[in-house]
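User: I should like a close look at one part of this structure, followed outward to the elements around it. Please keep the account connected and formal.

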Amino acid sequence: MPSKFRHIALATAGCATILASSACGSGAASAQATAKPTPVQAISARDKAEGAKAHPQLLAEFGGAETGPQATYVEAVGKNIAVQSGLSNARGDFTVTLLNSPVNNAFAIPGGYIYVTRQLVALMNNEAELAGVLGHEVGHVAARHASKRQSAATKNTIIGVLGSVLAGAVLGNSQVGQVLQRGLLQGSQLLTLRYSRGQETESDNLGIDYLRRAGYDPRAMGTVLQSLANQNALDARLMGSNSQVPAWASTHPDPASRVRAALTRAGSNASGVTNRDTFLTRISGMTYGDDPKQGIVEGRQFTHPDLKLAYEAPSGFYMMNGTRAVAINGQSGRGQFTTGPFSGDLDAYVRGAFGGLTEQGQQQIDPGQINRTTINSLPAAYATARVNTGQSTVDVTVFAYQFGADQAFHFVTITPAGGAAVFDGMFRSMRRISAAEAAAIKPRKLAVITARAGDTVQSLASRMAYTDAPLDRFLVLNGLSANSRIAAGQKIKLITY
């Protein structure tokens with residue numbers, strides 16, 4: 001069965017994402033930000049053992065490790081920056097992994113394990129920015145922020161990062177609401193810790209210090225944070241998200257202040273290498289966006305060539321692909337598409353999916369009668385349960401399809417009471433795809449080209465493998481503005497098929 005739908009239990013305390021950090025921001029002028037740094041403790045045998053245990057689980061959560069020349073290059077840069085942290089002087093004590101994930105993400109865990117997704121690497125424009133991101137994550141470990149975190153590790157879909165707080169509005173903060181929300185967030189690929197403003201600033205500052213020690217231009221920390229902020233803003237516009245700050249990020253300042261703080265810390269006269277052309281040449285050819293082996297999201301369409309299935313999300317909703325589930329989000333509801341163990345009994349499968357939304361020892365959600373139907377020749381079963389979260393009443397629906405004697409897939413959706421019908425069209429859209437349809441699906445790739453005389457941002461953007469917002473995507477990808485001039489011989493990133 002594809003890795004997208006494997007079931008694993010994650011042990012991820014100690015993970016942090018620069019993505020969540022970029023959405024939150026951090027301030028330069030605070031008591032926490034200027035506090036004396038925590039002394040660095042060397043990697044212990046216990047850290048190594050715990051990291052080694054969590055490592056394969058994290059690989060499964062994030063699509064597995066990339067291999068080949070791009071992964072080797074990222075590993076070398078990561079080890080070079082990691083030894084600047086004081087955790088260890090031995091490059092062999094660090095494991096740096098390029099993850100096969102379409103989400104902008106990076107994190108590190110104790111034991112010398114450092115991770116960055118190919119999507120985030122593609123957003124960068126030089127080697128110093130890559131070193132800065134990895135240094136930031138190592139900084140969280142070196143400063144032992146995980147042990148001081150303000151709350152337990154949580155999972156957030158992109159909807160939380162970009163600012164929509166539907167889950168809080170619909171589900172509330174009751175125990176039932178929190179459990180339902182966790183059930184919907186499996187496989188999201190966005191593991192975050194609620195680091196404080198001061199902790200984020202300290203990690204930015206540590207990353208800048210590591211850049212200096214390694215001979216890189218320390219201003220790269222500010223420029224990569226700017227690119228992240230620009231990408232988040234573009235994603236929000238493309239998904240139709242509002243600009244409201246999520247509740248968990250409300251204690252943090254805006255991203256712009258974090259960029260300014262990082263640039264100020266680096267100094268306007270800072271110098272050092274960036275290795276721009278080397279970086280761009282070495283990352284050329286990476287897969288960009290969804291890997292067809294995990295399914296492809298194109299607007300409101302989701303297609304999985306290996307599983308040979310497709311469906312369409314409702315109008316006004318967007319999807320975020322994960323390794324074990326597809327998150328489906330909108331203002332009037334949210335859901336996910338995934339799978340579970342199937343013995344041939346669809347009714348039992350639906351009840352099992354409801355059971356997975358509650359914790360052991362808690363009262364199970366009773367779906368009542370299971371309804372049977374046929375969707376595009378697929379046997380299907382579904383039920384809706386009305387649940388009181390303590391602060392609101394919601395409708396929870398499980399809609400399952402049998403694809404084989406031992407294979408089934410299902411949606412789980414949550415809407416305000418009475419609103420479950422918003423997903424009816426999606427439920428009816430599930431279908432098998434032909435071998436020809438599956439074969440026609442190709443991955444997007446990151447291509448690095450050399451600009452020629454007469455090239456402009458507009459002419460190059462027209463070569464992007466997107467029909468929606470190709471110019472905006474091109475500008476953010478390359479860290480350019482609409483007024484930027486392209487010089488002959490300049491290396492430029494494009495997304496192609």
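Which residue in S18 does Thr287 stand opposite?

Analyst: The model is a predicted one. In it, Thr287 stands opposite Lys445 in S18. The pairing to which these residues belong is that of S6 with strand S18, residues 444-450, and two bridges join the two strands in an antiparallel arrangement.

S6 and S18 are part of an open sheet of three strands, ordered S6-S18-S19, in which the pairing is antiparallel. Strand S6 (287-288) and strand S19 (491-496) are the edge strands; each has a single partner strand, so one side of each is left without a neighbour in the sheet.

Two helices are associated with this sheet. Helix H12, residues 276-283, lies across S18 and S19 and runs at about 20 degrees to S19. Helix H17, residues 470-478, packs on the sheet and touches S6, S18 and S19, with a direction that makes about 135 degrees with that of S19.

The ring of Tyr466 receives two arginine side chains. Arg444 lies over the face of Tyr466, 4.0 Å from the ring centre. The charged end of Arg473 also sits over the ring of Tyr466, at 3.9 Å from its centre. Arg444 falls within the range of S18 (residues 444-450), and Arg473 within that of H17 (residues 470-478).

The nonpolar interior may be considered next. The largest nonpolar core has 65 residues, and those touching the most other members are Val116, Val121, Leu130 and Phe474. Helix H5 (residues 127-142) gives the most to this core, namely eight residues. If residues up to four places away in sequence are not counted, Val121 touches Val74, Leu98, Val116, Leu130, Phe279, Ile283 and Met286. Phe279 and Ile283, both among these contacts, lie in the range of helix H12 (residues 276-283).

Other contacts of Val121 lead to a further sheet. Val116, one of the residues that Val121 touches, stands opposite Ala106 in the pairing with S3. Strand S3 (residues 113-117) is joined to S2 by four bridges, and the two strands run antiparallel. The sheet they form is open and has three strands in the order S1-S3-S2, with mixed pairing. Its edge strands are S1 (95-99) and S2 (106-109), each of which pairs on one side only. From one strand to the next, the twist averages 15 degrees.

This sheet, too, is accompanied by helices. Helix H2 (residues 45-61) packs on it, in contact with S1, S2 and S3, and its direction makes about 20 degrees with that of S3. Helix H3 (residues 69-82) lies across S1 and S3 and runs at about 140 degrees to S1.

Aromatic pairs offer another view of the structure. A search of the whole structure finds 18 of them. In one, the ring centres of Phe107 and Tyr115 are 4.7 Å apart and the planes are at 25 degrees, so the pair is stacked. Both Phe107 and Tyr115 are buried. Phe317 and Phe423 form an edge-to-face pair, with 5.1 Å from centre to centre and 65 degrees between the planes. Phe317 lies in the loop between strand S9 (309-312) and strand S10 (318-321), while Phe423 lies in the loop between strand S16 (407-416) and helix H14 (424-429), so the pair ties together parts that are 106 residues apart in sequence. These two residues, Phe317 and Phe423, are both buried.

Phe317 and Phe423 also belong to a cluster linked by ring pairs, whose members include Phe302, Tyr311, Phe337 and Tyr382. A second, separate core of 23 residues includes Leu307, Phe317, Ala380 and Phe423.

Two of the clustered rings face each other across a strand pairing: Phe302 stands opposite Tyr311 in S9. Strand S8 (residues 301-304) and S9 pair in the antiparallel sense over four bridges. Their hairpin has four residues between the strands, and in it Lys308 takes a positive phi near 55 degrees. S9 is also joined to strand S17 (residues 431-432) by two bridges, again antiparallel, and Ala310 stands opposite Arg431 in S17.

A further hairpin is formed by S13 and S14. Five bridges join strand S13 (residues 371-375) to strand S14 (residues 378-388), and the strands run antiparallel. Leu378 in S14 is the bridge partner of Ile375. Two residues separate the strands, and Asn376 takes a positive phi near 50 degrees in this hairpin.

Terms used: Residues numbered from 1 in each chain as written. Predicted model: local features only at pLDDT ≥ 70, side-chain atom pairs only at ≥ 80, totals over all residues. Heavy atoms only, no water. Pairing = 2+ DSSP bridges. Axes fitted to C-alpha atoms, helices over the stretch in contact; angles between N-to-C directions. Contact = heavy atoms within 4.5 Å. Phe/Tyr/Trp six-rings, centres within 6.5 Å; stacked < 30°, edge-to-face > 60°. Buried < 20%, exposed > 50% of the residue type's maximum accessible area, 1.4 Å probe, protein only. Lys NZ or Arg CZ within 6 Å of the ring centre and 35° of its normal. Core = buried A, V, L, I, M, F, W, Y, C linked by side-chain atoms within 4.5 Å.
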